[in-house]
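Here are my notes on the model you asked me to look over. I've kept them as numbered points so you can follow along with the structure open.

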Amino acid sequence: MFDKEFVLKTAADLLAIDSPSGYTFKATEYIAKIMADLGLKYEYTAKGNLMVYVPGEQKGVLGLSAHVDTLGLMVRSIKDNGHLAITKVGGPLMPSLDGEYCRIITRDQKVYTGTILSISPSAHVYKDADTVKREEDKMEIRIDELVKNKEDVMALGIMNGDYVVIEPKVAITASGFIKSRFLDDKISAAALIGVLAAITKEKIIPKRNLCIIFSTYEEVGHGGAFIPADIEELLAVDMGCIGEDLMASEEDVSICAKDSGGPYDYGMVSRLLDLAKQNGLQYAVDIYPMYGSDVSSALRAGNNIKGALIGPGVHASHGMERTHYHALENTMKLIMAYIRAY
């Protein structure tokens, strides 16, 4: 049913597009082009979310969401030595960024490369090189330009508030692993695109009208705050966490029963569990106490909806992430089963 080659290419292409929260237009434009090719209706909201519509058999609207915004950095200030102080966009795991290559994007779209480093980057110079804490005020960017001071950097057109995007390092292995930063949540966006492609190709009509939301501010807490008023249920497709006290693996579709915002809708979660069992899917049920989703922000904003959360199991979230195609396929199968049954 699902075109594996298309889904993996879509994932790789999307992962390679820089889209930290607030700078997502290139990612949504990429998806909009695919939607146009599939012949699906879409539109943008004022805040930049991409909304895709699929007509169903019955009245009522089921919403599905995945976010295309990622973690990133922004220039906080320019230092006297020509290095850049940084501030986080979202919650990147800062120790994992030490030594990573990055790009600085100016307001007039000039792009400069650089490296994210500790302020004590050399073991031959700094006694605390291996102990200084890797956090915002102890890390900086070394620009790949001949700059000696703040004035040299400003002459390049770099200024406070410029985005700093991190090299994602996308790799898909012969064994089926997908490795990259920002699988959270572009791998789930690829899953939704894969489902939409299958619906179009096989002329599947879902039970209810679908509104698929590719949101753009999830990593900073308000991706799903605005949703159309006619949505009755919202199913967030976001990554499943892997680690201590959790059941999910890199091959599972994870079904979240509760996160930091509280429990998800009992009926929706139960239906998802039943469908996973009926379809022989590899799945896990988990609780994520340090996690939020587009459904969380939609509920906090006062939307009168039922909500649930599923997604492929992703290891090392907010760092160097990894999943397997099996998890992606199990996720797509569960999405398809849900939209055909309910």
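1. A charge counts as sitting over a ring if NZ of Lys or CZ of Arg is within 6 Å of the ring centre and within 35 degrees of the ring normal. R322 fits that description: it lies over the face of F177, at 3.8 Å from the ring centre. R271 does something similar with Y342, its charged end sitting over the ring at 5.0 Å from the centre. Bear in mind throughout that this is a predicted model.

2. Now the ring-to-ring contacts. A pair of aromatic rings is described by the distance of the centres and the angle of the planes. How many aromatic pairs turn up in a search of the whole structure? There are four. Y23 and F25 make an edge-to-face pair, with 5.1 Å centre to centre and 70° between the planes. Y23 has 8% relative accessibility, so it counts as buried, while F25, at 37%, counts as partly exposed. Ring pairs also bring in Y163, giving a cluster of Y23, F25 and Y163.

3. Another pair is Y338 with Y342, and this one is tilted: 5.3 Å centre to centre and 45° between the planes. Y338 is buried, with a relative accessible area of 0%, whereas Y342 is partly exposed at 31%. Y342 is also the ring that R271 sits over, so have a look at both partners while you're there.

4. Helix 7 covers residues 325-341. Is it enclosed or open to the outside? Twelve of its 17 residues are buried, so the rest of the structure largely encloses it. Among the buried ones are Y325, N330, T331, M332 and the run from L334 through I335, M336, A337, Y338 and I339. The length checks out too: at 1.5 Å a residue it should span 24 Å, and its end C-alpha atoms are 24 Å apart.

5. The largest pocket holds about 510 Å³ of space. Of the 26 residues lining it, C241, Y288, M290, Y291 and G292 are the closest to its centre. Strand 17 (283-288) and helix 6 (294-300) each supply at least two lining residues, and helix 6 gives the largest share, with four. By class, the lining is a mix of eight nonpolar, ten polar and eight charged residues.

6. On to closed spaces. Rolling a probe the size of a water molecule over the atoms shows where empty space is left. The search finds three cavities of 30 Å³ or more. The largest has a volume of about 60 Å³ and is lined by 14 residues, with D18, S19, T70, I166 and F182 nearest its centre. Strand 9 (residues 163-166) contributes the largest share of that lining, three residues. Nine of the lining residues are nonpolar, three polar and two charged.

7. The second largest cavity comes in at about 50 Å³. Which residues line it? They are L71, P92, L97, I166, R181, F182, H318, G319 and E321. By class that is five nonpolar, two polar and two charged. I166 and F182 are also among the residues nearest the centre of the largest cavity.

8. Last, a small one: M51 is found in strand 2 (residues 50-54). M51 has 1% relative accessibility, so it counts as buried. M51 and L14 are 37 residues apart in sequence and 17 Å apart in space, C-alpha to C-alpha.

Technical notes:
Residues are numbered from 1 along each chain as its sequence is written. This is a predicted model: local features need pLDDT of at least 70, side-chain atom pairs count only at pLDDT 80 or more; totals for chains, interfaces and linings use all residues. Side-chain values use heavy atoms; hydrogens and water are left out. Rings of Phe, Tyr and Trp (its six-membered ring) pair if their centres lie within 6.5 Å; planes under 30 degrees apart count as stacked, over 60 as edge-to-face and the rest as tilted. Buried means under 20% relative accessible area, exposed over 50%, partly exposed in between (1.4 Å probe, protein chains only). The expected span of a helix is 1.5 Å times one less than its number of residues. On a 1 Å grid over the protein atoms alone, a cavity is a set of points where a 1.4 Å probe fits but cannot get out, and a pocket is an open set with protein on both sides within 12 Å along at least five of seven lines; lining residues have an atom within 4 Å of a point. Grid points are joined across faces, edges and corners, and a volume is the space filled by probe spheres set on the points. Ala, Val, Leu, Ile, Met, Phe, Trp, Tyr, Cys and Pro count as nonpolar, Asp, Glu, Lys and Arg as charged, and the others, Gly among them, as polar.
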